[in-house]
Amino acid sequence: MSLSLEPPPLPNPKTGAQLKRRFISIRIGLLQSNHHRRASRFSLYPTFRSRTIVTAVLKAKEEGKSAVTEQAKPPVRIVALVGEGSVSPLKCAMWEEVMLHTAKRLKWADEGYEMVVFTDNFHQSNDQTAANLQKELLCADILVVVAVTKQDSVKWIQTNSKNISNIICFESNLNLVNKLGGSYVRGEIKGSVFDKIVRISQLKKTNETMEVVQTVSEAWDRHNSDDIRFCLLVIINAYIRPVPILKNLRAKGFSTLNCMVKNCGPQILDCLMDPNCRKALQCLNKCSPVDQVCNYRCIASYESPKLEAFSLCVLQKNNCLDLDAKIPEKPYVQAMLKFRGKDLCYETAEDIFVGWLGRLDWSWRVVAGQNPAYDQFPCQYQLFYRGKAKGSFWYEPVFQVKTFEGEMVWRRRKYRVKRGKVPGTFYFSVLDNGVVSNEFWTIVDVSEDFSWGLFHYHGAARVAGQSYTGAVLVSPEAVYPKQTEGSRLSSALEKCGIKEWELYTVDNCSCQDPPLGIPEGSSLHSMVDVEDQGWASV
């Protein structure tokens, strides 16, 4: 790729650097001198080098704002313009629907994010539509152009978007340009996308700009709703105002290294001397800082006692990265109220989780999931059971991971489960490779015959700076519910703020010899089970 950059200003809430001309499947390698070796960028091991452009906000400036100022923040106005009738890669959902849904999901991050969506058919519609679009563009902070290819639409955009400081174009006509902080990036593609960047002025600033470009490009290329929203949040954070949920991307520099050396020297040495632990860190170095799929595959591929000890010391015990992620509060998801004609109680809710265990070797199998990092692994089995101790309840997921060597391996985790304040809600906690994750689960809906269920979760790995949400569709044999259940499933997904086209179908083709089984002395159902047909007469 040949690329010419104008000298960019330093990023701040009003000004910024440039963006590359196209975001379509482009990854740009940043220029680095050999003696600056990158530290790990796994979600649990954020890079220790400076990531100023991703956050683009000085901590002192952020802390200096008063509560009154925070309340008076003006809204961030985003206009999305999509090609009429254009189809997305998300199970062929229309781009217009995808962006309308993204507008709702932006509100989960901040009620002050306002996005309106137009299609480029305003030439055929009444003059009022074009007038409304022009009015929105006059006060827009960001213009997002998706799948616009018509020449007349391109010319209209070029004429009417000159005042907008931030323009990002995806999968659109090549004559459309991108702009960040009022600065353009001009270039043309020649050969491999990994061709070197030429004629770079102000190298440090350009590298920072290219890092934001790379982050947005890679996120978009993953084609899922979480990352589409993330693209917009990165731009908002870098060029308009701080995004709270992205604050944990900041690196702590030498303070992190001092903490590690002071507190965890033996664990670091042991990890570097262990082949698997060393491979894990090398693997994580190659992942994008926001690619949780890649990151978690690295950990699951090379997990070992040495890696767990390293993480436990550096992150969990000493919090050397000084991070503090919170469990997301949105979306609010209501638990199901009744089951088999009766009000849902805690015992019945636990029995629903236990599911088919006893009749089958597992409670449930995952058919599909919404979270791109944690719900996409092959052959997912769920084991829920009551423990020996009074009132104890446990969850053990069993799943496959395809390692980077191409080998399929089984993995297993163990969560402690405690009842929430409302029947059908639960608090989960797990020590996963040395880092504690806390989650809040909700039983959204389960069919009376246990043929399918939908479970939603919010979670956070506090000291890793990661928060997340997701949902899993489950059934006894890993098959989708019957078509007759379609409207009920859609209603359950709607309660979670999820569209069916957001779900990943789990690969359940080769699931031989899963390491199942529960501890001896465990118990299963208390009030209801799958073989109880007495409810049918209620």
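**Figure 1. Overview of the chain, a predicted model.** Buried residues make up 53% of the 538 residues in the chain. Welcome to this predicted model, in which the chain holds 14 helices and 19 strands. Among contacts with a separation of 6 or more, 69% are between residues 24 or more positions apart. The chain exposes about 24,000 Å², and carbon and sulfur atoms supply 53% of that area. The views that follow take us through two nonpolar cores, a strand and its partners, and some cysteines.

**Figure 2. The largest nonpolar core, with 40 residues.** Which residues touch the most other members of this core? They are Trp95, Met99, Met115, Val144, Val146 and Ile236. The elements that each give two or more residues to the core are a mix of strands and helices: strands E2 (76-82), E3 (113-119), E4 (142-146) and E5 (166-170), together with helices H4 (95-109), H7 (203-221) and H8 (225-239). Helix H8 makes the largest contribution, with 10 residues.

**Figure 3. A close-up of Val144 and its contacts.** Leaving aside residues up to four places away in sequence, Val144 touches Ile78, Val79, Ala80, Leu81, Met99, Ile168, Phe170 and Leu232. Apart from the core of the previous view lies another one, of 39 residues. Its members include Trp356, Tyr381, Phe428 and Val474. Keep Tyr381 in mind, as the next view returns to this residue.

**Figure 4. Strand E11, residues 381-386, and its enclosure.** Is this strand largely enclosed or open? Six of its six residues are buried, so strand E11 is largely enclosed by the rest of the structure. Both of its faces are covered. One side carries Tyr381, Leu383 and Tyr385, and the other carries Gln382, Phe384 and Arg386, with each of these residues buried. Gln382 and Arg386 thus share a face with Phe384.

**Figure 5. The strand partners of E11.** Strand E10 (residues 364-369) pairs with E11 in the antiparallel sense, over two bridges. Here Arg365 stands opposite Tyr381 of E11. Strand E12 (residues 393-402) also runs antiparallel to E11, and six bridges join this pair. At the E12 pairing, Arg386 has Phe393 as its bridge partner. The hairpin of E11 and E12 has six residues between the strands, and Gly391 in this hairpin takes a positive phi near 80 degrees.

**Figure 6. The disulfide of Cys264 and Cys313.** The structure holds five disulfides, and three of them are shown in this and the next two views. A disulfide is a covalent bond between the sulfur atoms of two cysteines. In this one, the S to S distance is 2.1 Å. The torsion about the S-S bond is about -90 degrees, so the disulfide is left-handed. The bond links distant parts of the chain, with Cys264 in helix H9 (residues 254-273) and Cys313 in helix H12 (residues 305-317), 49 residues apart. Cys264 has a relative accessibility of 0% and counts as buried, and Cys313 is buried too, at 5%.

**Figure 7. The disulfide of Cys283 and Cys298.** The two sulfur atoms lie 2.0 Å apart. With -70 degrees about the S-S bond, this link is left-handed. Cys283 sits in helix H10 (residues 275-285) and Cys298 in helix H11 (residues 292-302), 15 residues apart. The relative accessible area of Cys283 is 9%, which makes this residue buried. Cys298 is buried as well, with a value of 0%.

**Figure 8. The disulfide of Cys379 and Cys511, with Cys509 alongside for comparison.** The sulfur atoms of Cys379 and Cys511 are 2.0 Å apart. A torsion of about -80 degrees about the S-S bond makes the disulfide left-handed. Cys379 belongs to the loop between E10 and E11, while Cys511 belongs to the segment after strand E19 (504-505), and the two are 132 residues apart. Cys379 is buried at 1% relative accessibility, and Cys511 is buried at 14%. Cys509, in contrast, is in no disulfide, and the nearest cysteine sulfur, that of Cys511, is 7.5 Å away. Is Cys509 buried or exposed? At 67% relative accessibility, Cys509 counts as exposed.

Technical notes. Residues numbered from 1 in each chain as written. Predicted model: local features only at pLDDT ≥ 70, side-chain atom pairs only at ≥ 80, totals over all residues. Heavy atoms only, no water. Buried < 20%, exposed > 50% of the residue type's maximum accessible area, 1.4 Å probe, protein only. Helix = DSSP H or I, 4+ residues; strand = E, 2+ residues; numbered from the N terminus. Pairing = 2+ DSSP bridges. Core = buried A, V, L, I, M, F, W, Y, C linked by side-chain atoms within 4.5 Å. Contact = heavy atoms within 4.5 Å. Disulfide = S-S within 2.5 Å. Areas by Shrake-Rupley, 256 points an atom, 1.4 Å probe, with all protein chains shown as cover.
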